[in-house]
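Trainee: Got a minute to go through this one with me? I'd like to start with the odd backbone spots and then do the sheet.

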Amino acid sequence: IQLFGEQLVAFRGHDGKVGVMEEFCLHRGASLALARNEDCALRCIFHGWKIARDGTVLETPNVADDSAKKRYRAKAYPVEESHGLIWVFLGHAGEVIPRPRYQWETLPENQCLVLPVDLSCNWVQSLEGLVDSAHTGVLHHDVLQKMPGYISSMGSDGAAMQGNLAPRLELERTDFGFHYGAIRQLDQAGNAQVRVTAYIAPFLCLIPPTGMAFMAVPLNDTRTRFYNIWWSTDERLDSG
């Protein structure tokens, strides 16, 4: 896998837990994406070095001095798995800081659905779309027309977004990023639709009305993994 321009390898050990480490073996640089997955470690196919999930070198078959393995340690990263997402801390294990917890993580996993899509663009470009409410009525017009309660006037959420392509935006700075409200006038009486999006720095947006989040994770400068996250407080979203 690639993340923030770093070449990494991810694997699931026999205990079910995920490990993430630098892709290239610290001995001769062979790719550990080709390694054998043994128990909870990877064995390099070049010289058989066996490296544990935390970077500990367990075996060095081509080195006569068995104590030599204690002098080496692979670059491995702390990992946490939750609700279809694998979170990796790209720092030192002793410096791990608590990550944010999101609403979908308070629910059973079968009430959450995660769909990743790879995009050929910089991650900031995908974020620009998330904080641009004006494009919704044009680009997503077919989806809006399938929304429950859609009518041809501006009396529903989807119809309002199509009926007013120039919403007025108001921004509120927060300690996590900002809220922005897209305000669309519905009628001459002054009634308005207000849709509030939360931008959570650096790469997550919560989209109204509820149960939708989109996350733009940079793989490198020109490729982004765009995570679509949906959740429901009262129904299953898995195939079951």
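Trainee: Is His83 buried or exposed?

Mentor: His83 counts as buried, because its relative accessibility is 11% and the cut-off for buried is under 20%. Keep in mind that this is a predicted model.

Trainee: Where is His83 in the chain?

Mentor: His83 sits in the loop between strand S9 (79-82) and strand S10 (85-88).

Trainee: And what is phi of His83 near?

Mentor: Phi of His83 is near 50°, which is positive although the residue is not glycine. Most residues other than glycine have a negative phi.

Trainee: What about Phe4, where is that found?

Mentor: Phe4 is in the loop between strand S1 (2-3) and strand S2 (6-12). Phi there is positive too, with Phe4 near 55°.

Trainee: How accessible is Phe4?

Mentor: Phe4 has a relative accessible area of 48%, so it is classed as partly exposed. The exposed class begins over 50%.

Trainee: Next topic. Which residues does the cis peptide bond with omega of about 5° join?

Mentor: That bond joins Ala201 and Pro202. Pro202 has its place in the loop between S14 and S15. There is also a cis bond from Pro208 to Pro209, with omega near 5°, and Pro209 lies in the loop between S15 and S16.

Trainee: What is the usual form for peptide bonds?

Mentor: Most peptide bonds are trans.

Trainee: On to the sheet. What is the strand order in the open sheet of seven strands?

Mentor: The order is S11-S17-S16-S15-S14-S13-S12, and the pairing is antiparallel.

Trainee: Why do S11 and S12 each have one side without a neighbour in the sheet?

Mentor: Strand S11 (112-119) and strand S12 (168-173) are at the edges, and each has a single partner strand, so one side of each has no neighbour in the sheet. From one strand to the next, the twist averages 20°.

Trainee: How many bridges are there between S16 and S17?

Mentor: Seven bridges, with S16 (residues 212-218) and S17 (residues 224-231) paired in the antiparallel sense. Met212 stands opposite Trp230 in S17.

Trainee: Last one. Which strands does helix H1 lie across?

Mentor: Helix H1 (residues 123-130) lies across S11, S13 (177-185), S14 (192-200), S15 (204-207), S16 and S17. The helix runs at about 160° to S16.

Note on methods: Residues numbered from 1 in each chain as written. Predicted model: local features only at pLDDT ≥ 70, side-chain atom pairs only at ≥ 80, totals over all residues. Heavy atoms only, no water. Pairing = 2+ DSSP bridges. Helix = DSSP H or I, 4+ residues; strand = E, 2+ residues; numbered from the N terminus. Axes fitted to C-alpha atoms, helices over the stretch in contact; angles between N-to-C directions. Contact = heavy atoms within 4.5 Å. Buried < 20%, exposed > 50% of the residue type's maximum accessible area, 1.4 Å probe, protein only.
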